[in-house]
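Colleague: I am new to this structure and would like the reasoning behind its labels. Please take me through the pockets and the cysteines.

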Amino acid sequence: MTNILRGIDAIAGALALLGRCVIFALIVAMLYEVVARYAFGAPTLWAFDISYMLNGSVFLLGAAYALRCDVHVRIDFLSQRMPMRAQQLLNGAVFLLVMTPITTIFAWVASKKAWKALITGEVESVSPWAPVVWPFYTVIAVGLAALALQFLAEAIKLLSGRKNPGEAPGELDGMEEKQ
């Protein structure tokens with residue numbers, strides 16, 4: 001079981017690393033647009049589409065990693081007054097019975113939408129550039145699937161007592177994280 005949990009954590013870490021790389025692509029695209037627009041008076045058709053697709057990709061590629069590191073916003077003013085074991089059971093149950101099924105369903109729907117977009121050659125209909133949308137839809141599906149897996153892994157960690165709510169792991173992708 002530990003190897004499976006480590007594997008799921010590794011997937012989250014790999015996607016987060018990919019998200020970090022996407023940030024650089026977003027910066028390059030936006031710098032190009034700014035220079036093209038203001039220095040040469042030649043704005044691009046594609047900058048807006050690239051910016052929202054890459055920004056959404058960064059968000060979704062990092063979601064599972066953020067859950068793994070417990071840096072999502074949490075509202076726990078009531079549960080933090082409970083004993084630690086009760087907090088673990090409550091959080092684990094919510095992750096297992098509510099969040100994992102919801103994100104799994106969203107990932108399934110997103111994957112069907114990505115597949116349909118690939119097969120039909122769907123393009124962005126409101127954009128003058130009209131890029132194909134299946135790559136972006138695929139990132140949405142992958143990010144949601146990784147988030148669903150991470151919810152499952154976190155539920156197992158919490159229910160088994162391996163993790164406390166609000167506790168980040170001591171080691172993140174081989175780098176020591178200072179808290």
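**Pockets and cysteines**

Modeller: The lining of the largest pocket consists of nine nonpolar, three polar and three charged residues. Keep in mind that this is a predicted model.

Colleague: Which residues lie closest to the centre of the largest pocket?

Modeller: The pocket holds about 380 Å³ of space. Its lining has 15 residues, and Val-73, Arg-74, Asn-91, Val-94 and Phe-95 are the closest to the centre.

Colleague: Which helix gives the most to that lining?

Modeller: That is α3, with five residues. Both α3 (84–120) and α4 (134–159) supply at least two.

Colleague: What makes up the lining of the second largest pocket?

Modeller: Nine charged residues, four nonpolar and one polar. Arg-6, Asp-9, Arg-68, Lys-157 and Pro-169 lie nearest the centre of this pocket, whose volume is about 300 Å³. Here α1 gives the most, five residues.

Colleague: How do you know that Cys-69 forms no bond with Cys-21?

Modeller: A disulfide needs two cysteine sulfur atoms within 2.5 Å. The closest cysteine sulfur to that of Cys-69 belongs to Cys-21 and is 17 Å away, so the two are too far apart for a bond. Over the whole structure the search finds zero disulfides.

Colleague: Why is Cys-69 called buried?

Modeller: The cut-off for buried is under 20% relative accessible area. Cys-69 has 6%, so it counts as buried.

Colleague: And why is Cys-21 called partly exposed?

Modeller: Partly exposed covers the range between under 20% and over 50%. Cys-21 has a relative accessible area of 46%, and is therefore partly exposed.

Technical notes
Residues are numbered from 1 along each chain as its sequence is written. This is a predicted model: local features need pLDDT of at least 70, side-chain atom pairs count only at pLDDT 80 or more; totals for chains, interfaces and linings use all residues. Side-chain values use heavy atoms; hydrogens and water are left out. Buried means under 20% relative accessible area, exposed over 50%, partly exposed in between (1.4 Å probe, protein chains only). On a 1 Å grid over the protein atoms alone, a cavity is a set of points where a 1.4 Å probe fits but cannot get out, and a pocket is an open set with protein on both sides within 12 Å along at least five of seven lines; lining residues have an atom within 4 Å of a point. Grid points are joined across faces, edges and corners, and a volume is the space filled by probe spheres set on the points. Helices (H or I, at least four residues) and strands (E, at least two) are DSSP runs, numbered from the N terminus. Ala, Val, Leu, Ile, Met, Phe, Trp, Tyr, Cys and Pro count as nonpolar, Asp, Glu, Lys and Arg as charged, and the others, Gly among them, as polar.
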